[in-house]
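Here is a set of short exercises to work through with the structure open beside you. Try each task on your own, then follow the solution step by step.

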Amino acid sequence: MTEEIIIAGFGGQGVLSMGKILAYSGIMQDQEVSWMPSYGPEMRGGTANVTVILSDNRISSPVLHSYDTAIILNQQSLDKFESAVKPGGMLLYDPNGITRHPERKDIKIFQVEAVDESIKLSSKKTFNMFVLGAYLKLHPIVTFENVVKGLKKSLPERHQHLIPANEKAIKRGMEIVREMK
Amino acid sequence: MKEIALIKGNEAIAEAAIRTGVDAYFGYPITPQSEVLEYLQLQKPEERTGMVVLQAESELAAINMVYGAAGTGKKVMTTSSSPGISLMQEGISYIAGAELPCLIVNVVRGGPGLGTIQPSQADYFQATKGGGHGDYRLIVLAPASVQEMADFVDLAFELAFKYRNPALILSDGLIGQMMEKVELPEPKERFTTFDQSWVITGKTADRERNIITSLNLDPELQYEHNIKLQQKYERMKEDVMFESFQTDDADFLLVAYGSSARICQKVVDVVRGRGKKLGLLRPITLFPFPTEVISELSRRVKGILSVEMSTGQMVEDVRLAANGRVPVYHYGTFGGKIHSPEDVLNAIEEKFIGGF
């Protein structure tokens, strides 16, 4: 099994940390992982993206031109990466702020209203975990237990108390994801 | 069991430096390698192993601190990125002339000039042909994974002390910034067991004083010194390192190092999946260059494509190795743009079309 994922959105939405938690979860599950961020000027207020690969085998290129899954959190990223999903692949996005919705017919498209839900539950800081939950519901490539272990590993000491809130957000994300037809 | 971590390439360099007993680090921040210094400062290595970590006032200061400390036989290192490494060239030439072991890490970004902060492999000439003045060479290692970023620190010092020559790890922003699963090196004593007969830590009664200098005003002496250096560079060939992927039956060959080699591995998988015989030769040491194996392969393949994130630097060494036996092409993006496996596939179609 190899899963090639792009996560893209605005800087500050937790794109990179979502990727890191996913990568850590993969390690907990004894997988090979790579996490390659966009870095530099685009990170500072602009768009941010990270390529995450989880695999049972040695990972060759950390740089990809097409993905099994695209997790999209803003319009610019949708415009940039919709065409990069492999035929038969999956696109998961938050419709918040999206004016032109995905149009491809040869991929599976899912929505998770993570921004709305995180505001509703007064849990804005765990926004990205609603998205991660939605993804894991669709592609359970790592077990929930290993994701929690991954969270513990990747959150710094001062944020460890937020783990229950993050777990809750992941579970809620699993519930609210829906397929677009 | 070995300790596993998910860390960036830059952090792997820093953690490996502490664990493998590096005595001192002198550096100055620059993107995309600032995490090395940041990580070292956060880790307080002076408490873990007694290692000295100092942020110098400039790259010039840093490399000259390395020069001074290396003269005492300690394991000392610095890291920087392209423009910073250019600033260090005078010092590196002096260190090479004075025959001192040390480690320099270049996490390459796009140039020339201040260029960009995105990854590039355009410092190959500077690293392998002597970026400073005079006839000197560095031992150059090219890691292709975060694991190798960790492993090559110790390897670089082994080689640097073996030859009393500066070693350089030629990485790039991609491997510096990405995270992968790493088996951390086993902790090692900081105090070195390398030959210390040449160091300048004070004359003892039983021997003449040691002198460390790169200055020989007498041309006869400088001539002799250059011959000695060249003989040393020749001897380094016994430490050539490379990795072969499916080269045994290959009709066509890719040659790529560092991050480009990772990208090319995927290309080989894809092309092999289509039933075509493509192989990849990955130089691990860029100096000494794996000339012999490429020369050998050039007798069996129909063409060679050198892939690097530059406008074509390593391709010159590949051509020298192939020596006209087969066409040698170059492909690569540059200026901070990273080629995708698909870009390389297209280049293969274009260059090798009809051959397959």
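## Exercise 1: The largest cavity

S7(B) contributes three residues to the lining of the largest cavity, the most that any element gives. Keep in mind that this is a predicted model.

**Task.** Find which residues line the largest cavity, and work out where the cavity lies with respect to domain 1 and domain 2 of chain B.

**Solution.**
- Step 1: Start with the space itself, which is about 50 Å³ in the largest cavity.
- Step 2: Pick out the lining, made up of Val108(B), Ser120(B), Gln121(B), Asp123(B), Pro143(B), Leu170(B), Ser171(B), Asp172(B), Tyr257(B), Gly258(B) and Ser259(B).
- Step 3: Match the lining to elements: S7 and helix H11 (258–273) of chain B each supply at least two residues.
- Step 4: Sort the lining by class, which gives four nonpolar, five polar and two charged residues.
- Step 5: Bring in the domains. Domain 1 (4–202 + 227–238) and domain 2 (243–352) of chain B both give residues to this lining, so the largest cavity lies between them.

## Exercise 2: The sheet that holds S7

**Task.** Trace the open sheet of chain B from edge to edge, then describe how S5 pairs with S7.

**Solution.**
- Step 1: Write down the order of the seven strands in chain B: S3-S2-S4-S5-S7-S6-S12, with mixed pairing.
- Step 2: Mark the edges, strand S3 (52–55) and strand S12 (285–287) of chain B, each of which pairs on one side only.
- Step 3: Look along the sheet; from one strand to the next, the twist averages 20°.
- Step 4: Add the helix that packs on the sheet. Helix H4 (residues 59–70) of chain B touches strand S2 (24–27), S3, strand S4 (76–80) and S5 of chain B, and its direction makes about 160° with that of S4(B).
- Step 5: Zoom in on strand S5 (residues 102–108) and strand S7 (residues 166–172) of chain B, which run parallel and are joined by seven bridges.
- Step 6: Locate one facing pair: Ser171(B) in S7(B) stands opposite Val107(B). You have met Ser171(B) before, in the lining of the largest cavity.

## Exercise 3: The second largest cavity and a cis proline

**Task.** List the lining of the second largest cavity, then look up the peptide bond that leads into Pro288(B).

**Solution.**
- Step 1: The structure holds two cavities of 30 Å³ or more, and the second largest has about 30 Å³ of space.
- Step 2: Its lining consists of Ile139(B), Leu159(B), Tyr163(B), Met236(B), Asp239(B), Thr285(B) and Pro288(B).
- Step 3: By class, that lining has five nonpolar residues, one polar and one charged.
- Step 4: Turn to Pro288(B), which sits in the loop between S12 and helix H12 (291–297) of chain B. The bond from Phe287(B) to Pro288(B) is cis, with omega near 0°.
- Step 5: Now visit another cis bond, between Thr31(B) and Pro32(B), where omega is about 5°. Pro32(B) belongs to the loop between S2 and H2 of chain B.

## Exercise 4: Two pockets

**Task.** For the largest and the second largest pocket, describe the volume, the residues around the centre and the elements in the lining.

**Solution.**
- Step 1: The largest pocket has a volume of about 1,200 Å³. It is lined by 44 residues, and those nearest its centre are Ser17(A), Lys20(A), Ser154(A), Leu155(A) and Pro156(A).
- Step 2: Two or more lining residues come from each of helix H1 (15–28), helix H4 (127–138), helix H5 (144–154) and helix H6 (163–176) of chain A, and from strand S1 (4–8) and helix H2 (34–43) of chain B. H1(A) supplies the largest share, six residues.
- Step 3: The classes in the lining of the largest pocket are 23 nonpolar, 11 polar and 10 charged.
- Step 4: Move to the second largest pocket, with about 660 Å³ of space. Of its 28 lining residues, Met36(A), Val63(A), Leu64(A), Lys80(A) and Ile338(B) are the closest to its centre.
- Step 5: Strand S2 (32–37), strand S3 (47–55) and helix H2 (75–81) of chain A, along with helix H9 (173–177) and helix H14 (341–352) of chain B, each give two or more residues to this lining. H9(B) gives the most, three residues.

Notes
Residues are numbered from 1 along each chain as its sequence is written. Chains are lettered from A and ligands numbered from 1 in the order in which they are written. This is a predicted model: local features need pLDDT of at least 70, side-chain atom pairs count only at pLDDT 80 or more; totals for chains, interfaces and linings use all residues. Side-chain values use heavy atoms; hydrogens and water are left out. Two strands pair if DSSP finds at least two bridges between them. Helices (H or I, at least four residues) and strands (E, at least two) are DSSP runs, numbered from the N terminus. Axes are lines fitted to C-alpha atoms, for helices over the stretch in contact, and angles run from 0 to 180 degrees between N-to-C directions. Contact means heavy atoms within 4.5 Å. On a 1 Å grid over the protein atoms alone, a cavity is a set of points where a 1.4 Å probe fits but cannot get out, and a pocket is an open set with protein on both sides within 12 Å along at least five of seven lines; lining residues have an atom within 4 Å of a point. Grid points are joined across faces, edges and corners, and a volume is the space filled by probe spheres set on the points. Ala, Val, Leu, Ile, Met, Phe, Trp, Tyr, Cys and Pro count as nonpolar, Asp, Glu, Lys and Arg as charged, and the others, Gly among them, as polar. Domain bounds come from an automatic or database domain assignment.
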